[in-house]
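Colleague: I am new to this structure and would like a close look at a single part of it. Could you take one charged pair, explain where its two partners sit, and then place that pair in the wider fold?

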Amino acid sequence: MINAIIAGISTALYREFGYENHMEEIKQGLSEPCFFISCVSPESRRYLGKLHRRTCQFVIQYFPKSENSWRTECNDTAERMQWCLETIYADGVPLCGTKMKYEIVEGTLHFFVNYDGFVYEITDEALMEDMEATQNAE
């Protein structure tokens with residue numbers, strides 16, 4: 001589920017900005033501007049039966065291109081992110097982003113958004129096997 005949400009975030013960002021998105025750590029060769037997407041604190045709580053409430057907070061880091069007006073670029077980007085991440089699609093299912101906030105730390109935008117919802121646990125039920133019965137006539 002988390003990877004599907006990350007893919008949905010990545011798709012929404014690419015449609016809005018057309019920038020490269022990363023899900024794994026980049027050691028070298030980061031070309032700016034770009035986004036780095038990660039899930040920071042997934043949580044699951046069981047409700048009735050097989051129903052679970054999933055809370056997934058994501059942080060999207062934006063590395064601006066500008067060296068002089070990076071703060072302005074980060075603020076503009078954050079405002080556009082609020083709109084494009086309001087509703088994303090994970091495996092074709094629409095998810096609404098909540099608890100959006102952002103901060104700029106050392107020239108990098110950190111945008112936080114939650115995608116929460118209920119998930120029903122599907123388990124393999126015991127399958128019936130073929131059984132042969134014989135009857136003795138007495």
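Modeller: In this predicted model, arginine 80 and glutamate 16 form a salt bridge, in which the closest N and O atoms are 3.0 Å apart. Side chains of opposite charge can pair when their charged atoms come close. Because arginine 80 belongs to helix H2 and glutamate 16 to helix H1, the pair ties together parts that lie 64 residues apart in sequence. Both partners are partly exposed, as arginine 80 has a relative accessible area of 37%, while the value for glutamate 16 is 33%.

The structure holds two salt bridges, and arginine 45 takes part in one of them, joined to glutamate 43 with the closest N and O atoms 2.8 Å apart. Here arginine 45 is exposed, with a relative accessible area of 53%, whereas glutamate 43 is partly exposed at 37%.

To place the two helices in the chain, it helps to follow the order of elements, which from the N terminus on runs α-β-β-β-β-α-β-β-β, giving two helices and seven strands. Helix H1 covers residues 2-17 and helix H2 covers residues 70-84, and each of them supplies at least two residues to the largest nonpolar core. That core has 26 residues, and those with the most contacts inside it are Ile9, Leu13, Ile60, Met81, Leu85 and Tyr115. H1 gives the most to this core, with seven residues, while the strands that supply at least two residues each include E2 (34-39), E6 (93-105) and E7 (108-120).

Methionine 81 shows how such contacts reach across the sequence: leaving aside its neighbours within four places, methionine 81 is in contact with Leu13, Phe17, Phe35, Ile60, Leu109 and Phe111. For the chain as a whole, residues 24 or more positions apart account for 56% of the contacts that have a separation of 6 or more, and buried residues make up 35% of the 138 residues.

Turning to the surface, the chain exposes about 9800 Å², of which carbon and sulfur atoms supply 48%. Tyr47, Leu48 and Phe118 make a nonpolar surface patch of about 380 Å². Within that patch, leucine 48 is found in the loop between strand E3 (43-46) and strand E4 (51-63), and leucine 48 is exposed, with a relative accessible area of 75%.

Technical notes:
Residues numbered from 1 in each chain as written. Predicted model: local features only at pLDDT ≥ 70, side-chain atom pairs only at ≥ 80, totals over all residues. Heavy atoms only, no water. Patch = residues over 30% accessible without salt bridge, like charges linked within 9 Å, V, L, I, M, F, W, Y side chains within 5 Å. Areas by Shrake-Rupley, 256 points an atom, 1.4 Å probe, with all protein chains shown as cover. Salt bridge = Lys/Arg side-chain N within 4 Å of Asp/Glu carboxyl O. Helix = DSSP H or I, 4+ residues; strand = E, 2+ residues; numbered from the N terminus. Buried < 20%, exposed > 50% of the residue type's maximum accessible area, 1.4 Å probe, protein only. Core = buried A, V, L, I, M, F, W, Y, C linked by side-chain atoms within 4.5 Å. Contact = heavy atoms within 4.5 Å.
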